[in-house]
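This report goes through selected parts of one structure, element by element. Please keep the sequence and the model in view while reading.

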Amino acid sequence: MEQRGHSLNLSFVIVMVVFVGFASTCQGGVTSRFQRKLEATKDMPLDSDVFSVPAGYNAPQQVHITQGDLNGNAVIVSWVTPKEPGSSTVLYGTSEDKLDKSAKGKYGQYKYYNYTSGFIHHATLRHLKYDTKYYYAVGIGQTVRKFWFKTPPQVGPDVPYTFGLIGDLGQSYDSNKTLSHYETNKDAGAVLFVGDLSYADNYPYHDNRRWDSWGRFVERSTAYQPWIWTVGNHELDFEPDIGETVPFKPFTNRYRTPYRASNSTAPFWYSIKRGPAYIIVLASYSAYGKYTPQYKWLEDEFPKVNRSETPWLIVMMHSPWYNSYNYHYMEGETMRVMFETWFVQYKVDMVFAGHVHAYERSHRISNVAYNIVNGKCIPVPNQDAPVYITIGDGGNLEGLASNMTEPQPSYSAFRESSFGHAILDIKNRTHAYYTWHRNQDGAKVMADSMWFTNRFWLPTDDSSNVV
Ligand SMILES: *[C@@H]1O[C@H](CO)[C@@H](O)[C@H](O)[C@H]1NC(C)=O
Ligand SMILES: *[C@@H]1O[C@H](CO)[C@@H](O)[C@H](O)[C@H]1NC(C)=O
Ligand SMILES: *[C@@H]1O[C@H](CO)[C@@H](O)[C@H](O)[C@H]1NC(C)=O
Ligand SMILES: *[C@@H]1O[C@H](CO)[C@@H](O)[C@H](O)[C@H]1NC(C)=O
Ligand SMILES: *[C@@H]1O[C@H](CO)[C@@H](O)[C@H](O)[C@H]1NC(C)=O
Ligand SMILES: *[C@@H]1O[C@H](CO)[C@@H](O)[C@H](O)[C@H]1NC(C)=O
Ligand SMILES: [Fe+2]
């Protein structure tokens with residue numbers, strides 16, 4: 001990969017932006033040669049401000065929420081108490097000084113090699129009103145901490161909703177920039193997180209204190225808006241050498257997903273509806289071959305999607321199917337072979353994946369014609385197919401993926417090796433505006449965007465690929 005100097009080449013960036021503006025007229029895709037950051041990506045030390053332990057005896061920490069049911073009128077609140085269990089009850093209400101409702105949760109603890117977790121609480125708040133701000137308190141009876149969240153509007157085609165998109169975040173200085181840039185968007189109501197949370201497994205013996213520090217780091221967002229979790233390879237924590245043979249142990253103890261509401265049998269694949277979107281979360285590291293639970297679940301799931309109710313069909317997974325970087329190359333291929341036909345048949349709008357620590361967006365393409373003997377194994381333009389977006393660029397300690405396959409495959413519309421995050425702003429049943437924002441030193445710079453038009457409601461409009 002061509003390396004550019006440290007100095008910011010402004011005219012280059014301007015030329016780039018103009019070029020991207022005309023990308024739709026070009027056959028090949030755009031490889032952005034912008035590369036800002038050449039220094040190593042380092043984790044923030046444990047005594048950093050973002051990891052500080054909240055004051056007060058046994059104060060709840062690592063507070064995070066996620067959607068708690070199919071339609072978005074339940075919320076799961078999770079937190080950790082370090083010294084003793086304390087109360088598992090959440091007090092909540094619609095007025096800050098009148099938390100007149102309560103939900104009693106449960107707590108647990110787990111061991112990993114020589115690490116023992118704090119007391120991990122999960123409580124589900126049900127029958128919430130849509131489109132309403134709720135205040136809540138945890139740590140009842142000891143150190144009480146208060147937060148708030150907003151419920152989404154009732155599921156329906158014409159409710160605007162804005163999602164954030166973050167992947168492979170980790171806890172480096174770059175991770176902190178990504179999160180800070182995301183936080184400047186005041187409209188986004190939930191994060192679609194495409195997997196690889198803490199990267200604790202990069203430490204000796206998977207030092208699970210780095211799961212705790214990650215929980216404290218992201219609390220400033222996760223306590224106030226739901227993060228919709230996808231599991232990545234860094235959630236596996238499978239290490240037989242040190243006796244850890246149960247995959248996903250730290251993740252499943254610390255994070256909850258509402259998988260039962262969509263009749264899934266495991267927390268790693270599930271679906272939710274939120275406002276105008278139907279979101280299917282898939283598990284790259286659980287079996288998905290024919291007859292497996294995930295396969296059977298997904299086969300039943302697609303026919304349930306009613307585009308009159310939820311016009312936008314989004315799929316999240318960790319390992320991308322279409323990835324033209326020389327990292328994790330073709331790791332997503334086996335799942336693509338199993339599921340891509342359904343994605344085309346059911347006109348999935350967009351597929352978000354992580355895993356590769358860079359950014360890439362595809363044209364609408366499919367590769368479903370191959371049948372072992374016909375030789376048709378090249379992706380082709382297909383207006384029924386989704387746009388595939390790799391957004392594993394949160395900024396973890398492993399650094400950027402910068403080595404790309406050359407030439408850029410024709411299916412790849414735009415790729416750039418930078419850290420960043422994206423915003424999906426669903427305007428109504430026909431239009432959604434998508435933007436990708438790179439971290440450019442301290443600044444957030446919009447470097448890729450596209451209008452999505454909805455093929456269910458605008459079946460003859462093929463402007464979907466226009467950048
Ligand atoms: C766990 O084991 C490692 C390696 O022996 C050691 O460095 C670390 O201090 C131990 N941690 C605890 C909490 O005992
Ligand atoms: C992380 O970002 C926040 C908000 O921008 C800032 O206040 C904090 O000092 C940063 N911490 C580190 C260790 O970079
Ligand atoms: C889950 O399965 C039950 C029993 O078959 C069914 O009544 C229900 O509608 C299903 N829920 C969803 C969201 O598919
Ligand atoms: C699909 O959703 C629309 C709008 O909510 C509703 O009127 C219709 O009955 C639903 N169709 C099915 C098959 O459930
Ligand atoms: C990029 O990846 C290719 C394929 O793995 C490899 O042959 C090549 O040496 C790599 N280039 C650099 C600069 O690392
Ligand atoms: C949907 O949103 C797009 C983009 O903001 C706008 O141009 C269009 O008029 C909207 N459609 C309706 C029916 O409001
Ligand atoms: Fe990964």
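## A buried glutamate in helix α6

E340 sits in helix α6. The model is predicted, and in it E340 has a relative accessibility of 1%. Residues under 20% are classed as buried, so E340 is counted among them.

The side chain of E340 takes part in polar contacts with two named partners. One contact, of 2.6 Å, links it to the side chain of Y322. Another, of 2.5 Å, links the side chain of E340 to that of R336.

## Strand β17 and its surroundings

Helix α6, which spans residues 333-345, also forms part of a chain crossing that begins at strand β17 and ends at strand β18. How much of strand β17, residues 312-316, is buried? The answer is 5 of its 5 residues, so the strand is largely enclosed by the rest of the structure.

In a regular strand, side chains alternate between the two faces of the sheet. In β17, one side carries W312, I314 and M316, and the other carries L313 and V315. These residues are all buried, so that both faces of the strand are covered.

## The parallel neighbours of β17

Strand β16, residues 277-281, runs parallel to β17 and is joined to it by 5 bridges. Within this pairing, I280 has V315 of β17 as its bridge partner. Between the two strands the chain passes through helix α5, residues 293-301, and the resulting β-α-β crossover is right-handed.

Strand β18, residues 350-353, is also paired with β17 in the parallel sense, here over 3 bridges. M350 of β18 stands opposite I314. The chain reaches β18 from β17 by way of helix α6, and this β-α-β crossover is right-handed.

## The surroundings of ligand 2

Which residues surround ligand 2? They are M44, D49, V50, Y173, N176 and S180. By class, this shell holds 3 nonpolar residues, 2 polar and 1 charged.

Polar side-chain atoms of the shell approach oxygen atoms of the ligand. For D49, an N or O atom of the side chain is 2.5 Å from an oxygen atom of ligand 2. The corresponding distance is 2.4 Å for the side chain of N176 and 3.1 Å for that of S180. On its own, ligand 2 has 360 Å² of accessible area, and the protein covers 54% of this.

## The surroundings of ligand 1

Ligand 1 has Y113, N114 and Y205 around it. In N114, a polar side-chain atom lies 2.3 Å from an oxygen atom of the ligand. Taken alone, ligand 1 exposes 360 Å², of which the protein buries 32%.

Y113 is also notable for its backbone: phi is positive, about 50 degrees, although the residue is not a glycine. Y113 is placed in the loop between β7 (111-112) and β8 (115-116). Its relative accessible area is 37%; since the partly exposed class lies between 20% and 50%, Y113 belongs to it.

## Other loop residues

Y291 also has a positive phi, near 75 degrees, and is a residue other than glycine. Y291 is located in the loop between β16 and α5, on the path that leads from β16 through α5 to β17. Is Y291 buried or exposed? Its relative accessibility is 67%, and the exposed class begins over 50%, so Y291 counts as exposed.

Q35 is part of the loop between β1 (30-32) and β2 (61-67). With 7% relative accessibility, Q35 is classed as buried. D201 is 166 residues from Q35 along the chain, and the C-alpha atoms of the two are separated by 28 Å.

A cis peptide bond runs from E406 to P407, and its omega is near -5 degrees. P407 belongs to the loop between β22 (387-391) and β23 (412-416).

Notes. Residues numbered from 1 in each chain as written. Chains lettered and ligands numbered in written order. Predicted model: local features only at pLDDT ≥ 70, side-chain atom pairs only at ≥ 80, totals over all residues. Heavy atoms only, no water. Buried < 20%, exposed > 50% of the residue type's maximum accessible area, 1.4 Å probe, protein only. Helix = DSSP H or I, 4+ residues; strand = E, 2+ residues; numbered from the N terminus. Pairing = 2+ DSSP bridges. Right-handed = clockwise from strand over helix to strand, strands pointing away. Near = heavy atom within 4 Å. Polar contact = N/O pair within 3.5 Å; in protein donor to acceptor, adjacent residues only side chain to side chain. Areas by Shrake-Rupley, 256 points an atom, 1.4 Å probe, with all protein chains shown as cover. Nonpolar A, V, L, I, M, F, W, Y, C, P; charged D, E, K, R; others polar.
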